[in-house]
Amino acid sequence: MAEMWISMGPQHPMTHGLWTLKIKVDGETVVDTVPDLGYIHRGVEKICESRDFTQITTYCDRLCYASANTWSHSYIYAAEDLLGVEVPERAEYIRLIAIELQRIASHLMWLGAYGPDTGNLSVLVWCLREREMMMDLLQEMGGSRMHYNFPRIGGVKRDLPHGFAQRARSKLELFLQRIQEYEALYDESTVFLVRTQGVGYAKAEEMVNHGVSGPNLRAAGVNYDVRWAHPYSVYSELDWEPPVERSSIKGADCYDRYRVRVEEMRISALLTLQALDKMPGGSDTYHEPGDPKLLAKAPSRAPEGTSGYHHFEDSRGESMFYIAGGGEARGKNPYRVSIRSPMFITIPYASKCMIGYKVADIPAIMGSFDPCIGETDR
Amino acid sequence: MASSDWLDVNGWLQSIVGWSMDQTHDLLPNEEYGLGPIESINPQSGFSSIQPALEAFFHASIMCTVVFTTLMLTMLAIPYIERKFIGRLMDRLGATTTLRSLWVGESGATAGEWWDQLPFGIGTPIGWTINTLNSIWGNDHELETVSRVNNRSYHGYWFLLPGFFQAFADFFKFATKEHMVPKDADKVVFEVAPVIIVSTTVMVFAFVPFGPHIYAANPDLSLLFMMAIFGVAPLGVFFAGWASNNKYTLIGGMRSAAQLTAYEIPLLITVLGVAVLSGSLNIIEIVDFQMGEEEGNVWNFFLMPLGAALFLITMIAEVERIPFDMPEAEAELVEGWWTEYGGIRWGLMFSAEYMRSYAACILFALFFLGGWEAPFQHTLSDLPVLGGVFTTIFALIPGLVWVLLKAWILFGVFVWIRASLHRVRTDQILEFGWRYLLPLSLLNLVIATYMRLELYGGGNWNLWVPAVVTTVSLIVFLIYIFDEDEEAARLKSRPYSTQAVVKASPGSHRD
Amino acid sequence: MSRVVPSSTQKSAAEKMITAVGRMKGCDAQLVERSSGTKSRWTVSIVCDPENWRGLAEKLLTTHEVDYCSLITGIHWPDGPEEKKWEVVYHFLRTGIKNPPDKDGIQQPIITDPTTVKGKLVPLEIEVSIAIPDTRSPMVASVQDLWIGADWNEKETWDLVGIDFEGHKGMRRVLQPHETPTGYHPLQKHHNIRYHGFEEMYDDAQGFSRKPDDVGKVK
């Protein structure tokens with residue numbers, strides 16, 4: 001059969017979002033790929049130029065809808081850098097709990113979607129059911145199930161609800177047991193191993209040069225994590241290590257990337273439990289919203305010529321906001337907000353990874369990089 | 001034939017048709033009618049000369065209708081099993097909670113008390129049953145946050161075998177949908193493909209006996225005929241993939257053609273092994289051999305477990321179920337070779353897929369599980385005291401029931417496999433078929449031939465033969481699944497996976 | 001306690017890079033202390049001329065082992081000073097990542113201990129800011145061949161802001177549709193989103209409450 005271009009077009013069950021992947025196939029082998037993003041480009045960067053600093057948080061939730069908390073916190077740290085705000089420690093702990101719970105929920109969504117990519121339909125329902133537990137916790141904290149608008153410049157919008165710590169502990173206990181069930185279904189299935197091992201090799205230095213970071217990078221045998229390399233928040237106060245996978249000598253394959261994320265879920269659960277124990281003031285005390293222990297006073301304008309940026313470990317890699325302040329002329333709005341999405345850089349790299357493998361490997365490879373198109377297209 | 005039961009549809013039909021033909025014969029006048037100088041017709045004798053052919057024709061057509069109706073009605077259980085079983089597996093709650101889910105509700109409340117709405121209070125005993133079951137064995141709602149994930153409240157009208165009519169509803173939906181042909185598609189081939197697929201699938205059932213007397217046709221070489229027709233459907237699949245003028249369907253059709261061809265051969269060789277073991281290429285004689293008192297009397301499953309496993313695997317590949325459903329993998333190909341079909345054509349092809357699965361299950365039951373014989377039928381009937389009871393019971397239950405039970409249970413196994421395994425990649429499927437299954441099926445054939453020639457001396461099988469074979473296979477199977485290579489296990493455990501040292505609070509985490 | 005890169009290590013590594021880069025022509029490097037919630041962090045901030053950018057980029061990659069290009073931002077300053085009508089801000093990270101070695105065919109993962117990193121392996125945040133004077137077609141040298149992560153970032157910058165990159169192969173629209181007309185770069189300041197600057201009478205979307213009289217006044 002001659003070579004032909006196939007467009008796995010914007011609406012496709014595999015693509016985890018709306019983007020086009022054009023592949024050139026020779027029979028069943030992929031010879032070339034051209035990714036085409038921008039289908040849900042909403043112009044968030046331009047919109048942010050006419051919004052207050054506090055109003056931008058809601059937009060950042062909607063950047064990656066599967067992992068909303070990590071994105072709004074990523075913006076908040078950059079805004080605090082710009083405005084020069086110091087955050088109370090209790091607020092940092094609460095933020096950490098929100099971020100890590102969100103990371104678990106995001107990885108569960110990925111795990112649930114990875115099953116149908118490779119053909120297993122049961123695990124989708126199982127993972128979504130566990131995600132319901134995390135959704136319940138996040139709803140208690142933030143007020144809604146998906147876009148919480150949780151952090152404020154200088155702190156968080158409200159304290160942990162009454163009884164949250166006890167509910168969170170019981171749910172995370174159950175979750176840590178349930179992870180073993182997913183592992184059983186995936187790791188002990190020869191078919192899954194055959195589908196994902198030896199597929200989609202990626203080496204560490206090559207990934208770094210391409211701009212790939214996060215779990216995709218840690219699957220290749222290096223333990224680089226923004227949380228310890230450029231420390232922020234209270235990660236230094238807790239005992240944890242980023243999970244690393246020993247990959248093969250040819251690089252990290254899909255199986256390694258899958259295992260890293262499963263271990264990351266465990267680490268995030270442990271981090272949350274530790275944070276609940278170590279919170280200053282205890283996790284059972286309740287402060288009213290606006291209490292100085294939760295929220296510091298923050299200026300609402302940025303002087304001219306200042307800028308703020310912050311690197312952040314998002315569920316999918318290293319995300320960053322760069323905000324240029326505009327001074328008096330801009331009022332309470334920033335001059336320019338620039339968003340770095342890890343997936344925007346990783347998807348072209350993943351498309352390159354697919355060359356040489358079969359068409360049937362495309363969902364396995366693409367799914368293992370965990371794309372989320374909301375943040376890619378902004 | 002040797003085996004028989006009271007549901008003698010064939011015989012009844014034969015006598016009815018014969019009786020009606022005789023009545024017709026007697027009604028006709030027995031006189032000579034002159035049509036001219038040479039010719040004269042006697043209607044009665046004229047009718048007598050065509051009567052056998054006419055009887056056979058009526059018998060055959062009515063029997064085909066009866067068999068087709070039996071097929072379609074009993075096939076309604078298949079989507080039901082699939083839907084319910086997959087639903088329970090996806091809940092993965094375990095047998096107890098699954099059973100409990102039929103009556104329990106959220107935190108003790110049940111299903112809106114729908115039974116009180118039934119007229120004349122007929123729902124009251126239902127209410128008593130549900131409430132009693134709930135109070136004895138109800139939902140654990142101590143920790144209501146956690147019970148939200150454990151909870152499985154079933155709010156259906158389960159007194160009507162809930163979801164039973166879903167299959168009808170689905171089919172009517174398909175029947176009323178619009179029929180679209182892609183603009184540049186090859187119209188003739190596009191329309192012909194579903195016809196080929198569905199018609200060959202239904203034709204297969206012409207040779208499949210549902211009971212000792214329920215079959216449409218029984219030639220001497222029915223097995224051969226049936227497998228030949230079974231193998232024509234891939235041609236229709238390929239037509240469908242090509243004619244749709246769509247790159248996705250083309251890839252799907254190619255994959256399907258390659259996969260089905262690759263698995264036809266081990267399938268046929270395995271079936272040949274069954275035929276060798278049973279000494280006949282006629283399906284009814286194969287079943288009679290397994291259940292006969294003078295001949296055979298051992299189910300082929302225990303004589304040839306390898307063959308049974310091979311038949312199962314190749315049949316799952318032939319009917320394109322997960323783990324072998326690459327041709328229609330919706331992760332990449334969005335329904336594969338039948339993407340462009342809509343409406344009744346898709347509905348027919350979808351039901352053809354289930355018909356093929358059903359045929360695979362029934363064939364497994366007939367070839368390996370003794371067909372319409374009850375388990376241990378002769379042994380139980382020969383017991384000293386209870387033997388009479390059992391004989392009566394077995395005489396009352398028609399053979400059809402046993403065939404259907406075995407087929408449905410086996411379909412449950414198909415669904416179980418579907419719910420738990422991932423999809424195998426096409427080239428891996430082909431490699432598996434050509435490099436592993438083909439040699440194994442040849443090995444199976446050799447073993448079957450040896451057993452038949454050397455170990456079978458007419459009459460019954462010696463009892464040690466199936467015992468030895470089954471034990472050896474079981475041991476090999478257990479060794480295969482439990483053997484752990486120390487080195488590989490150590491490498492696979494990946495000690496760098498997690499490095500957190502301190503347990504934050506009582507709870508389990510993997511060390 | 002978990003191990004993180006200590007602040008002092010960051011500061012000394014930043015100072016070393018600043019002295020090295022400051023010696024280059026056309027570059028001016030500064031140590032900037034930025035805040036990060038409860039802590040502070042030390043970053044390197046370099047201001048460079050457009051002509052010397054390529055040389056600086058190669059130096060950063062080869063000598064200072066800055067291996068990760070994080071973000072490329074283009075900013076349009078129509079009201080800014082003459083020599084800074086356009087600005088391109090690059091953000092890099094030095095990650096200190098090397099390919100893990102293999103021993104006997106099995107890979108040995110590199111577990112970096114953050115408290116003991118030193119030299120060129122210390123993770124560092126670097127910001128390079130290039131000011132482009134007033135022109136209708138701003139252009140800067142492309143670093144697509146040095147950091148492949150810069151590839152799509154440069155495409156996006158051109159697509160949205162209009163700053164071209166010299167030597168970039170395969171420049172195309174990435175976030176906007178392929179058929180977007182030439183010259184359409186929405187993040188330039190004269191591009192107004194529809195209804196931008198439109199004076200609304202009502203404060204809320206449904207039009208129940210009129211805006212108060214002191215709207216627009218600085219509080």
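Me: Helices are DSSP runs of H or I with at least four residues, strands are runs of E with at least two, and both are numbered from the N terminus. Which residue, then, follows α13(A), and what is the sign of its phi?

Reply: The residue after α13(A) is A:D370, and its phi is positive, near 60°. Please keep in mind that this is a predicted model, in which local features need pLDDT of at least 70 and side-chain atom pairs count only at pLDDT 80 or more, while totals for chains, interfaces and linings use all residues. Residues are numbered from 1 along each chain as its sequence is written, and chains are lettered from A and ligands numbered from 1 in the order in which they are written.

Me: How do you know whether helix α13 of chain A is enclosed by the rest of the structure?

Reply: A residue is called buried if 20 or more other C-beta atoms lie within 10 Å of its own, exposed if 12 or fewer do, and partly exposed in between, with C-beta atoms placed from the backbone. In α13 (residues 361–368), 8 of the 8 residues are buried, so this helix is largely enclosed by the rest of the structure. Among the buried residues are A:D361, A:P363 and A:M366.

Me: Which elements do the buried residues of α13(A) pack against?

Reply: Contact requires that the C-beta atoms of two residues, placed from the backbone, lie within 7 Å. The buried residues of α13(A) pack against several elements of chain A, including β2 (20–26), α4 (89–118) and α11 (254–278).

Me: What makes β4 and β7 of chain C a pair?

Reply: Two strands pair if DSSP finds at least two bridges between them. β4(C) and β7 (residues 124–132) of chain C have 9 bridges, in the antiparallel sense, and therefore they meet that definition. In this pairing, C:L93 stands opposite C:E125 in β7(C).

Me: Why are certain strands of the open sheet in chain C called edge strands, and which are they?

Reply: The sheet has 5 strands in the order β1-β2-β7-β4-β3, with mixed pairing. Its edge strands are β1 and β3 of chain C, each of which pairs on one side only.

Me: How many residues does each chain bring to the contact between chains C and A?

Reply: Chain C brings 48 residues and chain A brings 57. On the side of chain C that touches chain A, β3(C) gives the most, with 6 residues.

Me: How confident is the predictor in chain C?

Reply: pLDDT is the predictor's confidence in each residue, from 0 to 100. Chain C has a mean pLDDT of 82, and 86% of its residues reach 70 or more.
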